[in-house]
Amino acid sequence: MNPPPRPNQQIAPDVKLGRDVRVFGFVNLYGCEIGDESRIGTFVEIQKGAKIGRRCKISSHSFICEGVTIEDEVFIGHHVVFTNDLFPRATNPDGTLQTDADWKCVPTLVQRGASIGSGATILCGITIGAGATVGAGSVVTRDVPSGATVVGNPAKALVR
Ligand SMILES: CC(C)(COP(=O)(O)OP(=O)(O)OC[C@H]1O[C@@H](n2cnc3c(N)ncnc32)[C@H](O)[C@@H]1OP(=O)(O)O)[C@@H](O)C(=O)NCCC(=O)NCCS
């Protein structure tokens, strides 16, 4: 049973919350799905169409945009930023503001048990493999193989 939303939480009625999901204050969740027993930290935003699996931990200040799928048991550190448009523009060539019809959402997948360090930025169209680790502050520009550890900007495999 989930507790009722607190006054300092913005959880839209279209959010699909699983069982025993714990959501902290000052979040902004809309049109997304969150699986059983997951934890959502303070100041997290999760957009429409994003999916979070079961037993995930999403740490404070992270941004999970439309197009992102996070499988079960994934750790997302603090201030992790996902993206869904490689060439974003505010306006069209004629100067009008872009709308949803003017750009294509590019999906990203984070597979089961992966862990993303604080402050990482994840470019779109990427798969982060099962059990992989992304170091703190990394900028991930390419797929990360399952079980690999990547660090840096652009993120490269950590060679020991
Ligand atoms: C990636 C990580 C798991 C590697 O840990 P580790 O295996 O103990 O690695 P080491 O500390 O032995 O570092 C190995 C090398 O990688 C470098 N490195 C480690 N983490 C790095 C990072 N995030 N970015 C860039 N380089 C990094 C180290 O400087 C070192 O380089 P050197 O050999 O040239 O000296 C860890 O550094 C990390 O970033 N963890 C995420 C922490 C986090 O964000 N937690 C969130 C919740 S608090």
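S59 is a buried residue in this predicted model, because its relative accessible area is 11%, which is under the 20% that marks the limit for calling a residue buried. Along the chain, S59 is placed in the loop between β9 (57–58) and β10 (63–64). Its side chain comes to 2.8 Å from the backbone oxygen of I76, and, when residues up to four places away in sequence are left aside, S59 is in contact with G41, V44, F75, I76, G77 and H78.

One of the residues touched by S59, namely F75, also belongs to the surroundings of the ligand. Together with F75, the ligand has G117, S118, G135, A136, T149, V151, G152, L158 and R160 around it. The protein covers 38% of the 910 Å² of accessible area that the ligand has on its own. Sorted by class, the shell around the ligand consists of 4 nonpolar, 5 polar and 1 charged residues. Two of the shell residues, S118 and A136, can be described in more detail, since for S118 a backbone N or O atom lies 2.7 Å from an oxygen atom of the ligand, while for A136 a backbone N or O atom lies 2.8 Å from a nitrogen atom of the ligand.

A contrast to S59 is offered by R142, which is found in the loop between β19 (139–140) and β20 (149–151). R142 counts as exposed because its relative accessibility is 63%, and a value over 50% is what the term requires. Between the C-alpha atoms of R142 and G117, which stand 25 residues apart along the chain, the separation is 16 Å, and G117 is itself one of the residues that surround the ligand.

How many disulfides does the structure hold? The count is 0, and two cysteines, C56 and C65, may serve as examples, with the nearest cysteine sulfur listed for each in the table.

| Cysteine | Nearest cysteine sulfur | Distance | Relative accessibility |
|---|---|---|---|
| C56 | C32 | 12 Å | 1% |
| C65 | C105 | 6.6 Å | 1% |

A disulfide requires two cysteine sulfur atoms within 2.5 Å, so the 12 Å from C56 to the sulfur of C32 does not qualify, and neither does the 6.6 Å from C65 to the sulfur of C105. C56 counts as buried because its relative accessibility is 1%, and C65 likewise counts as buried at 1%.

Key. Residues are numbered from 1 along each chain as its sequence is written. This is a predicted model: local features need pLDDT of at least 70, side-chain atom pairs count only at pLDDT 80 or more; totals for chains, interfaces and linings use all residues. Side-chain values use heavy atoms; hydrogens and water are left out. A residue is near a molecule or strand if one of its heavy atoms lies within 4 Å of it. A polar contact is a pair of N or O atoms within 3.5 Å; within protein, one must be able to donate a hydrogen and the other to accept it, and residues adjacent in sequence count only if both atoms are side-chain atoms. Accessible areas come from the Shrake-Rupley method with a 1.4 Å probe; for residues, only the protein chains shown count as cover. Ala, Val, Leu, Ile, Met, Phe, Trp, Tyr, Cys and Pro count as nonpolar, Asp, Glu, Lys and Arg as charged, and the others, Gly among them, as polar. Buried means under 20% relative accessible area, exposed over 50%, partly exposed in between (1.4 Å probe, protein chains only). Helices (H or I, at least four residues) and strands (E, at least two) are DSSP runs, numbered from the N terminus. Contact means heavy atoms within 4.5 Å.
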